[in-house]
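User: I've got a model open and some labels I'd like to understand before I trust them. Can you walk me through the reasoning behind each one?

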Amino acid sequence: MKKSLLYSGKAKDIYSTENDDLIISCYKDQATAFNGLKKEAIIGKGRLNNQISSFIFEKLNRAGIATHFVKHLSDTEQLNKKVDIIPLEVVLRNYTAGSFSKRFGVAEGIKLEDPIVEFYYKKDELDDPFINDEHIAFLDLASREEIIYIKEETRKINRLLTTWFAEIGLTLIDFKLEFGKDKDGKIILADEFSPDNCRLWDADGHHMDKDVFRRGLGDMTAVYQIVWEKLQELD
């Protein structure tokens, strides 16, 4: 079913299939941080990210969220709908952490009264700069109506995810999403959802996410394995 390589990214390789509307995402045993400045091979990471992302997307699909996920194919592969990615990284923050804390000079771990949605221009050569709604309109990345829809969908996804993670003793601090347009022009959730693109803290404040790699806090694969085992308690 897998044909030619369409795109090779930091965490996944994307392949075409015999069906023009479907692709195969192959997750890599590679971790990167700081826009690729820190890179390391992490055995088992691709399998765990694929399992976690497949599990989350299946639950989102069942909850009525439109996503690109079709099915889990193998340890490191999943079948997805082909979409035209909107070049925006959509970040939702439930608590202060990471770049948000640095930008505003505040401590990490402060609960936000209302979750904050931020946009970043998905452009590696510009280091994915922070942008607002007016910038998005100026750059013609999305219409104002599409921006409103993406924000609403992101908040809806957040309500589902925070509930699910709370059930297994994890706090969803923040996360990054990407959206794309399917063959009918409908905006759907794409990319992945794993500890690579979110922050999860346990009850003791331990990082259960990519910060383990960014900050050198421990064994990344072991932490991701714990997240995966906890998620299976939701079934």
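User: Why is arginine 199 called buried?
Analyst: Its relative accessible area is 12%, and the cut-off for buried is under 20%, so arginine 199 makes the cut. Keep in mind that this is a predicted model. Arginine 199 sits in strand 14.

User: What does arginine 199 touch?
Analyst: Leaving out residues up to four places away in sequence, its contacts include Arg93, Ala97, Gly98, Asp174, Asp211, Arg214 and Arg215.

User: What makes arginine 199 and aspartate 174 a salt bridge?
Analyst: Their closest N and O atoms are 2.9 Å apart, and the limit is 4 Å between a side-chain nitrogen of Lys or Arg and a carboxyl oxygen of Asp or Glu. The pair links distant parts of the chain, with arginine 199 in strand 14 (residues 198-201) and aspartate 174 in strand 12 (residues 171-181), 25 residues apart.

User: Is aspartate 174 buried or exposed?
Analyst: Buried: its relative accessible area is 4%, against a cut-off of under 20%. Salt bridges that share partners also join Arg93, Arg103, Glu108, Glu118, Asp174, Arg199, Asp211, Arg214 and Arg215 into one network.

User: How do you know that lysine 176 and glutamate 178 form a salt bridge?
Analyst: It's the distance again: the closest N and O atoms are 3.3 Å apart, and the limit is 4 Å. Lysine 176 and glutamate 178 are both buried. The structure holds 21 salt bridges.

User: What about aspartate 133 and lysine 151, what makes them a salt bridge?
Analyst: Their side chains meet at 3.0 Å, N to O, and the limit is 4 Å. Aspartate 133 is in helix 3 (residues 133-138) and lysine 151 is in helix 4 (residues 144-167), so this salt bridge ties together parts that are 18 residues apart in sequence.

User: Why is aspartate 133 called partly exposed?
Analyst: Buried means under 20% and exposed means over 50%, with partly exposed in between. Aspartate 133 has a relative accessible area of 23%, so it gets the middle label. Lysine 151, at 25%, is partly exposed too.

User: And isoleucine 148, why is that partly exposed?
Analyst: Its relative accessible area is 48%, and exposed would need over 50%. Isoleucine 148 lies in helix 4. From there to lysine 3 is 37 Å in space, C-alpha to C-alpha, with their places 145 residues apart in sequence.

User: How do you know that the length of helix 4 agrees with what a helix should span?
Analyst: At 1.5 Å a residue, its 24 residues should span 34 Å, and the end C-alpha atoms are 35 Å apart, so the two agree. Among the buried residues of helix 4 are Ile147, Ile150, Ile157, Leu161, Trp164 and Phe165. Just after helix 4 comes glycine 169, with a positive phi of about 80°.

User: Does helix 1 get the same check, and what span should its 18 residues have?
Analyst: For helix 1 (residues 45-62), 1.5 Å a residue gives an expected 26 Å, and the end C-alpha atoms are 26 Å apart, which agrees. Helix 1 is mostly covered, with 14 of its 18 residues buried. Glycine 64 follows helix 1 and has a positive phi, near 95°.

User: Which residues have the most contacts inside the largest nonpolar core?
Analyst: Ile56, Phe165, Phe179, Phe193 and Leu231, in a core of 49 residues. Phenylalanine 179 touches Ile85, Ile86, Val90 and Ile150, among others. In soluble globular proteins, nonpolar side chains tend to be buried together.

User: What makes the nonpolar surface patch?
Analyst: Phe104, Val106 and Ile110 make it, with about 260 Å². Patch residues need over 30% relative accessible area, and phenylalanine 104 has 48%, so it counts as partly exposed. Phenylalanine 104 is in helix 2 (residues 98-104).

User: Why is aspartate 140 called exposed?
Analyst: It has 67% relative accessibility, and exposed means over 50%. Aspartate 140 lies in the loop between helix 3 and helix 4, and its phi is positive, about 60°, although it is not a glycine.

User: Is aspartate 128 buried or exposed?
Analyst: Buried, with a relative accessible area of 14%, against the under 20% cut-off. Aspartate 128 lies in the loop between strand 10 (111-121) and strand 11 (130-131). Its phi is positive, about 50°, although it is not a glycine.

Conventions: Residues are numbered from 1 along each chain as its sequence is written. This is a predicted model: local features need pLDDT of at least 70, side-chain atom pairs count only at pLDDT 80 or more; totals for chains, interfaces and linings use all residues. Side-chain values use heavy atoms; hydrogens and water are left out. Patches are made of residues with over 30% relative accessible area and no salt bridge: like charges are joined within 9 Å, nonpolar side chains (Val, Leu, Ile, Met, Phe, Trp, Tyr) within 5 Å. Accessible areas come from the Shrake-Rupley method with a 1.4 Å probe; for residues, only the protein chains shown count as cover. Helices (H or I, at least four residues) and strands (E, at least two) are DSSP runs, numbered from the N terminus. Buried means under 20% relative accessible area, exposed over 50%, partly exposed in between (1.4 Å probe, protein chains only). The expected span of a helix is 1.5 Å times one less than its number of residues. A nonpolar core is a set of buried Ala, Val, Leu, Ile, Met, Phe, Trp, Tyr and Cys residues joined through side-chain atoms within 4.5 Å. Contact means heavy atoms within 4.5 Å.
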